[in-house]
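Please read the following account with the sequence and the coordinates open side by side. It begins with the protein as a whole and then turns to some of its parts.

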Amino acid sequence: MQKYNEPTILLSDLNDYITCRLCKGYLIDAVSITECLHPFCKSCIVKYLEERYDCPSCGILIHQSHPLNYISYDRTLQDIVYKVVPDLKRRERQRRQDFYCSMGKSPPPSEELVRERLSPNGLDSSGDASTGQFSSPSASNLSHAPDYHRSDEQVNVHLEPGSDSLEPLTFKYLRLSSRATVTHLRKYVAQQVLHDISRFRDIDIFIQNNEDGTFLGRDHILKFVRVVYWNDDEPMPLQYRFNQTLY
């Protein structure tokens, strides 16, 4: 049988995907803009958004007043960057340690370090792997573990299709952070119903507080929707429909 050599991929071929458009360096603490998913270093985009409200890559308006609420950590991308760029993770750790030591402070644990020290069952991974005995995590370690907004005020919603051309959701009752936005719901519907999250702009969300329903803007957070449109203990009745400007 003839053998084929695996193709060689140069690091330079990947640079466009793993570098920050602002600092031109490899991504560190990678975050993505929720509206367009373009990635940047966290420190770079935070500084940029102090004076601007648009994406540096595509120019889309992130938010008219609170753009920092619409960026999120891209842990998968950061893991890829650390795997493909030799020694980057070690050098970044050393750089942070040197910076804080120069100020006479202890460096705070980064999110990557916390995730490394916590095993899948939530225990500190330090210990003897051969015996399966691990020490319990300290309170300081757990305090930095992400809770994915479970400690936020929660909002219950009931999502149904607004037309026969859209399939019903498998899970139509959702319990979400009150800080989640209508765009998060649009992306959820696009992924679950259209099987393509990139088509979330094809979906509009309405609240059934009257006969025709009220259109909800993309930047509305669910707490705002509940307070303004649905002052009731029952789950908010929401409908998803195709964007009428497209169909």
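Of the 247 residues in the protein, 35% are buried, and this figure, like the others here, was computed from a predicted model. The secondary structure consists of eight helices and ten strands. When contacts with a separation of 6 or more are considered, 52% of them link residues that are 24 or more positions apart. The protein exposes about 16,000 Å², and carbon and sulfur atoms supply 51% of that area.

A useful place to begin a closer reading is strand β8, residues 203-207, where five of the five residues are buried, so that the strand is largely enclosed by the rest of the structure. In a regular strand, side chains alternate between the two faces of the sheet. In β8, Ile203, Ile205 and Ile207 point one way while Asp204 and Phe206 point the other way, and all of these residues are buried.

The neighbours of β8 can be described next. Strand β10, residues 236-242, pairs with β8 in the antiparallel sense over five bridges, and in this pairing Phe206 stands opposite Gln239 of β10. β8 is also joined to β9 by two bridges, and these two strands likewise run antiparallel; here Phe206 stands opposite Phe215 of β9. β8 and β9 form a hairpin with six residues between them, and in its turn Gly213 has a positive phi of about 85 degrees.

Following the chain onward from β9 (214-215), one enters the loop that leads to α8 (222-229), and Ile221 has its place in this loop. Ile221 is partly exposed, with a relative accessible area of 33%, and together with Phe224, Val227 and Val228 it makes a nonpolar surface patch of about 330 Å².

The cysteines call for a separate look. How many disulfides are there in the model? The count comes to zero, where a disulfide would require two cysteine sulfur atoms within 2.5 Å. For Cys36, the closest cysteine sulfur is that of Cys55, and because the two sulfurs are 3.6 Å apart they are too far from each other for a bond. Cys58 is likewise in no disulfide, its nearest cysteine sulfur, again that of Cys55, being 3.7 Å away. As for their surroundings, Cys36 is buried, with a relative accessible area of 17%, whereas Cys58 is partly exposed, with a relative accessible area of 41%.

Technical notes:
Residues numbered from 1 in each chain as written. Predicted model: local features only at pLDDT ≥ 70, side-chain atom pairs only at ≥ 80, totals over all residues. Heavy atoms only, no water. Helix = DSSP H or I, 4+ residues; strand = E, 2+ residues; numbered from the N terminus. Buried < 20%, exposed > 50% of the residue type's maximum accessible area, 1.4 Å probe, protein only. Contact = heavy atoms within 4.5 Å. Areas by Shrake-Rupley, 256 points an atom, 1.4 Å probe, with all protein chains shown as cover. Patch = residues over 30% accessible without salt bridge, like charges linked within 9 Å, V, L, I, M, F, W, Y side chains within 5 Å. Salt bridge = Lys/Arg side-chain N within 4 Å of Asp/Glu carboxyl O. Pairing = 2+ DSSP bridges.
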